[in-house]
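Let's take a walk through this model together, one chain at a time. Please have the structure open beside you as you read.

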Amino acid sequence: MDSPEPARSDDRPEPPTRRAAEEPYLRVRDLRVHFDTTDGVVRAVDGVSFGVDRGRTLGIVGESGSGKSVTSLAVLGLHDPRRGSVTGEISLGGRQLVGLPEEEVRRLRGRDVAMIFQDPLSALHPYYTVGRQIAEAYRVHHPRAGRREARNRAVDMLGRVGIPQPARRFDQYPHEFSGGMRQRAMIAMALVNDPALLIADEPTTALDVTVQAQILDLLADLQAEFHSAIILITHDLGVVAQVADEVLVMYGGRAVEHGSVEQVLRRPQHPYTWGLLSSVPSLHGDAEADLVPIPGNPPSLINLPSGCAFHPRCRYAGRNGDRSRTEVPALLPAGEPGHLVACHLPAGERDHLYRSDVAQVGVAR
Amino acid sequence: MTRFLVRRLLSAALTLFAVSVLSFLMFFALPRDPVTGMCPKNCNPERLERVRQELGLNDPLIAQYAGYMKGIVTGRDLGSAQGGRCDAPCLGWSYVSNEAVTDSIARVLPVTLSIVIPAAILWLLLGVGLGMVSALRRGTWLDRAAIGFSLTGASLQLYFVGAVLLIVFVYNLRLLPVPSYTSLLDDPLRWASGLVLAWVALAFLFSAIYARLSRAQMLETLSEDFVRTARAKGLAKPAVYGRHALRAAITPVVTIAGLDVGGALGGTVITETTFGLNGMGRLAVDAVRSGDLPTIMATVLIAAIFVVLANMVVDLLYAAIDPRVRLR
């Protein structure tokens with residue numbers, strides 16, 4: 001706003017010149033995160049690709065264990081290399097992160113990529129004041145900034161995320177904040193270094209419904225102001241509809257559908273997406289017959305079902321012989337440009353099934 | 001914060017009151033007549049009766065207790081057979097050693113303090129240090145070595161470790177003098193060289209527990225969300241571990257340390273005996289053996305004071321470490 005931006009003392013690279021391919025700010029290609037455990041290899045993320053540009057929001061949707069949080073931690077380089085292996089490509093502003101030395105990744109963390117965690121109460125340190133934690137995040141990346149400057153910056157950020165009396169709140173502890181205020185403080189901490197990419201992992205799950213909307217509005221406002229790219233991880237399709245530009249639906253560590261919000265929520269192509277939509281209540285439907293849960297449980301990442309990982313829970317898996325059980329479906333164009341789906345059902349049949357079986361139920365209406 | 005302090009002080013005072021009453025009642029609960037123990041030879045009924053009078057044992061119980069407490073606070077007159085005027089803090093007269101109990105305590109207390117306080121510093125540094133290293137290097141040979149060390153420490157008896165230390169450093173290598181107590185104020189070097197083996201033996205024994213405890217605490221803290229947040233901010237490892245993880249992991253260690261140090265200040269009989277040092281522990285054991293009730297009572301009371309004090313310090317440290325405690 002009108003407060004002068006403090007001089008940056010860091011060595012952030014010049015914004016990369018746009019290449020012919022129009023590389024987005026974050027480009028993830030064929031990301032795989034595998035953990036070796038005593039029970040076998042956990043394929044938490046198994047070949048996921050996506051991109052996000054500055055000023056845009058990508059929603060990553062899926063059940064617990066679908067690999068959405070692991071993906072985001074990989075982008076932050078937070079996996080312990082002794083316990084898991086990260087392969088593929090993560091390029092941030094043209095810089096390849098996979099394989100970069102820990103010290104260089106550390107310098108990017110919190111400065112170029114910042115993260116907002118699900119539960120702000122446990123994600124903030126209970127023994128330090130909120131302000132001190134924000135100032136600390138600033139000073140790591142501005143080593144020449146004094147205590148005073150960091151404090152001013154933190155107070156300024158607290159004010160910008162809508163915390164009243166920020167100078168007084170600076171000296172309070174997380175337990176003295178309400179849930180919504182804590183999440184605002186968390187956002188202030190994430191944005192204190194003006195990151196180009198913000199990852200929000202279920203930022204509203206731990207909050208009251210009334211506060212949820214405020215936090216989402218705040219994120220949208222701040223995005224407009226800071227022009228950052230946002231990855232929003234959630235299982236809540238309502239949240240996605242509200243703030244995302246694009247959606248990536250994950251299942252069992254793989255992407256099953258990817259497209260604009262309009263495409264994925266209005267003309268969903270994957271039976272799993274249909275299931276997610278049918279299990280969200282709608283204000284307009286019949287309250288009694290409204291919800292259709294997806295049968296079964298999320299798959300084990302050690303013994304992922306063969307073929308399409310969703311086939312044991314899919315009503316339509318038998319429609320094309322054994323294919324769904326034996327062959328992993330590739331993520332292929334689903335008709336409209338930019339809309340991708342990984343499903344063996346022929347496009348015409350998908351349209352027909354969606355119209356006859358799904359479009360009447362839940363929020364899909 | 002003021003309310004917190006006031007409440008802690010009140011509860012400490014209450015605990016001490018309860019302990020003083022209990023140890024006082026011990027006089028009457030014990031199967032032996034307190035007086036026979038205090039009159040070792042030539043006991044005739046008249047002499048016994050005189051001693052009873054002097055001790056005030058014929059007075060009502062409450063009056064006796066009040067007299068004892070008054071002696072501690074203001075001093076009192078004990079009568080000619082018990083050395084006459086007894087200045088505050090007066091803890092009574094020992095017929096066994098024929099001196100004021102306060103004097104015998106004053107002689108042994110510095111010994112115990114000199115053993116326990118440096119040993120505690122040593123075992124805390126060693127234990128927490130080992131625990132941190134093995135938590136941060138979990139699964140490596142360093143971790144296994146630290147655990148092995150702490151297991152060894154926990155499974156060996158102090159008198160064995162003490163004996164080995166004495167044989168090696170005093171009798172074989174002759175690097176150190178035979179353990180003895182010299183006042184720190186008189187000669188710091190002799191003070192340290194006379195006590196260092198006792199410190200090491202105690203520290204070896206105790207650091208085992210602290211290493212295990214702080215390793216487990218640190219591992220648990222490292223999986224906390226706020227540690228992940230600290231890393232996500234881009235903090236370097238020393239800041240993540242030192243500033244964020246250690247402070248949260250240390251709280252239970254402080255609790256146990258308070259109990260251990262408080263308890264040890266009441267006397268470390270085995271250490272004192274192993275190294276031939278005359279501290280609170282030996283005084284208490286000797287008093288029990290000879291039925292020296294005023295001395296027993298004094299040692300019990302002083303040990304209780306140390307435990308209560310140590311716990312108060314723990315509470316204050318808690319409040320300093322964790323801001324949420326200050327609310328309670």
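The paragraphs below start with chain A, move to chain B, and end where the two chains touch.

Before we set off, please keep in mind that this is a predicted model. Chain A runs to 365 residues, and 48% of them count as buried. Along chain A you will find 13 helices and twelve strands. How do the contacts within chain A spread along its sequence? If you take contacts between residues at least 6 apart in sequence, 66% of them join residues at least 24 apart.

Now look at how chain A is divided. Domain 1 of chain A covers residues 121-190, and domain 2 covers 261-364. Taken over C-alpha atoms, the centres of domain 1 and domain 2 of chain A are separated by 42 Å. A record offers another way to mark out this chain: an unreviewed UniProt entry places the annotation "domain: ABC transporter" on residues 26-277 of chain A. In the model, that span of chain A is 40% helix and 27% strand, and its end C-alpha atoms lie 28 Å apart.

Chain B comes next. For residues 109-318 of chain B, UniProt (unreviewed entry) lists "domain: ABC transmembrane type-1". What is the make-up of this stretch of chain B, in helix and strand? Residues 109-318 of chain B are 82% helix and 0% strand, with end C-alpha atoms 28 Å apart.

The unreviewed UniProt entry also lists "transmembrane region" for several stretches of chain B, including 111-133 and 191-211. In the model, residues 111-133 of chain B are 100% helix, with 33 Å between the end C-alpha atoms. Residues 191-211 of chain B are likewise 100% helix, and their end C-alpha atoms are 28 Å apart.

Helix 4 of chain B, residues 61-74, is a good one to trace by eye. With 14 residues, helix 4 of chain B reaches 20 Å from its first C-alpha to its last, close to the 20 Å expected at 1.5 Å a residue. After helix 4 of chain B comes G75(B), which has a positive phi near 85°.

Finally, let's bring the chains together. Here 18 residues of chain B are in contact with 22 residues of chain A. On the chain B side, helix 9 (225-232) and helix 10 (237-249) are the elements that give two or more residues. Helix 9 of chain B gives the most, with six residues. Sorted by class, the side of chain B that touches chain A holds eight charged, seven nonpolar and three polar residues.

Definitions and conventions:
Residues numbered from 1 in each chain as written. Chains lettered and ligands numbered in written order. Predicted model: local features only at pLDDT ≥ 70, side-chain atom pairs only at ≥ 80, totals over all residues. Domains from an automatic or database assignment. UniProt positions renumbered as here; feature names shortened; annotations may be inferred. Helix = DSSP H or I, 4+ residues; strand = E, 2+ residues; numbered from the N terminus. Contact = placed C-beta atoms within 7 Å. Nonpolar A, V, L, I, M, F, W, Y, C, P; charged D, E, K, R; others polar. Expected span 1.5 Å × (residues − 1). Buried ≥ 20, exposed ≤ 12 C-beta atoms within 10 Å, placed from the backbone.
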